[in-house]
Amino acid sequence: MKKLTDIQAIAFDLDGTLVDSVPGLALAAQRMLADLSLPTVTHEQIKIWVGNGIDVLIERILASVSAPESIFDQAKPLFNRHYDETIDEGTQVFPHVISTLATLQQQGYRMALVTNKPAQFLPALLKSLKLDPYFSLVLGGGDVIKLKPHPAPLYQVMANFGLYHDQLLFVGDSRNDISAAKNALCPTVGLTYGYNYGESITSSSPDYVFENFEQLLTILPRPRAEAKK
């Protein structure tokens, strides 16, 4: 197990890590399919398909109902319109997330959000969930040249914060998150309660595996700047 001795910042995934977004995504998908006169999908299906960005999610939804690939260009704006309407009502913060983020902020950690969710949805969503005060950097789809599992988003976090790879901890719930962090040589925490394509997060071999978000507080040293106060 990798010992964390000089962590200065923490980056977090969003869906399945900080928030349960499946209800809103599922409702948007169901409304999109109804508009297209196609069969519907379930929450459990959406949960398995989340994690590679909206485009891939829509492709998986359409493939599951045997829709032709050519319908994608018609389906995507429908999905985006419905998701704009359902994102607030269908997204809930997981237990202990707010209190843990507040504690980490008080301890002096810089925090970033790194998600494959399109950036256009993030400002309003984070504000409505009262998550926006905790992140000094937010990166979504469209903000980076490559999405997770590519390490580019984490390279961007390290560059923005002026950190080495062993000073940034990444926390996520899926193999995409763990792969991105490993590719960037950052230590990792995998959460068991999120969305990981129906697989156990342990199969991705994160450095730490936690069932509860607040367990993060048990492994983190105080940042050097905080320790000197």
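Here is a short chat about helix packing and one annotated residue in a predicted model.

Student: Let's start with Asp13. Where does it sit, and what does the record say about it?

Tutor: Asp13 lies in the loop between strand S1 (9-12) and strand S2 (19-20). UniProt, in an unreviewed entry, puts the feature "active site" at Asp13. That annotation may be inferred rather than shown by experiment.

Student: Why is Asp13 called buried?

Tutor: Check the value against the cut-off. Buried means under 20% relative accessible area, and Asp13 comes out at 5%, so Asp13 counts as buried.

Student: And what is Asp13 in contact with, leaving aside its neighbours within four places in sequence?

Tutor: Its partners include Leu18, Leu113, Val114, Thr115 and Lys148. Phe170, Val171, Gly172, Asp173 and Asp177 are in contact with Asp13 too.

Student: Asp177 belongs to which set of buried residues?

Tutor: Asp177 is one of the buried residues of helix H8 (residues 175-183), along with Asn176, Ile178, Ala180 and Ala181. The buried residues of H8 pack against helix H7 (152-161), strand S6 (168-172) and strand S7 (188-191). After H8 comes Leu185, with a positive phi near 65 degrees.

Student: On to helix pairs. What makes H1 oblique to H4?

Tutor: The axes of H1 (residues 22-35) and H4 (residues 72-86) cross at roughly 135 degrees and come within 8 Å. Roughly perpendicular covers 65 to 115, and roughly antiparallel needs over 145. An angle of roughly 135 fits neither, so H1 is oblique to H4. The crossing is right-handed.

Student: Which residues make that contact?

Tutor: On H1, they include Gly24, Leu25, Ala28, Arg31 and Asp35; on H4, they include Ala75, Phe79, Arg81, His82 and Glu85. By class, this contact has nine nonpolar, three polar and four charged residues.

Student: Why are H1 and H3 called oblique as well?

Tutor: H1 and H3 (residues 54-64) pack at about 55 degrees, with axes 11 Å apart. Roughly parallel means under 35, and roughly perpendicular begins at 65. About 55 falls between those limits, so H1 and H3 are oblique to each other. H1 passes H3 in a right-handed crossing.

Student: Which residues of H1 meet H3, and what classes are in that contact?

Tutor: Leu25, Ala29, Met32 and Leu33 of H1 meet Ile54, Leu57, Ile58, Ile61 and Leu62 of H3. The contact has nine nonpolar residues, no polar and no charged ones.

Terms used. Residues numbered from 1 in each chain as written. Predicted model: local features only at pLDDT ≥ 70, side-chain atom pairs only at ≥ 80, totals over all residues. Heavy atoms only, no water. Axes fitted to C-alpha atoms, helices over the stretch in contact; angles between N-to-C directions. Helix = DSSP H or I, 4+ residues; strand = E, 2+ residues; numbered from the N terminus. Left-handed = near helix turned anticlockwise from the far one by under 90°. Contact = heavy atoms within 4.5 Å. Nonpolar A, V, L, I, M, F, W, Y, C, P; charged D, E, K, R; others polar. Buried < 20%, exposed > 50% of the residue type's maximum accessible area, 1.4 Å probe, protein only.
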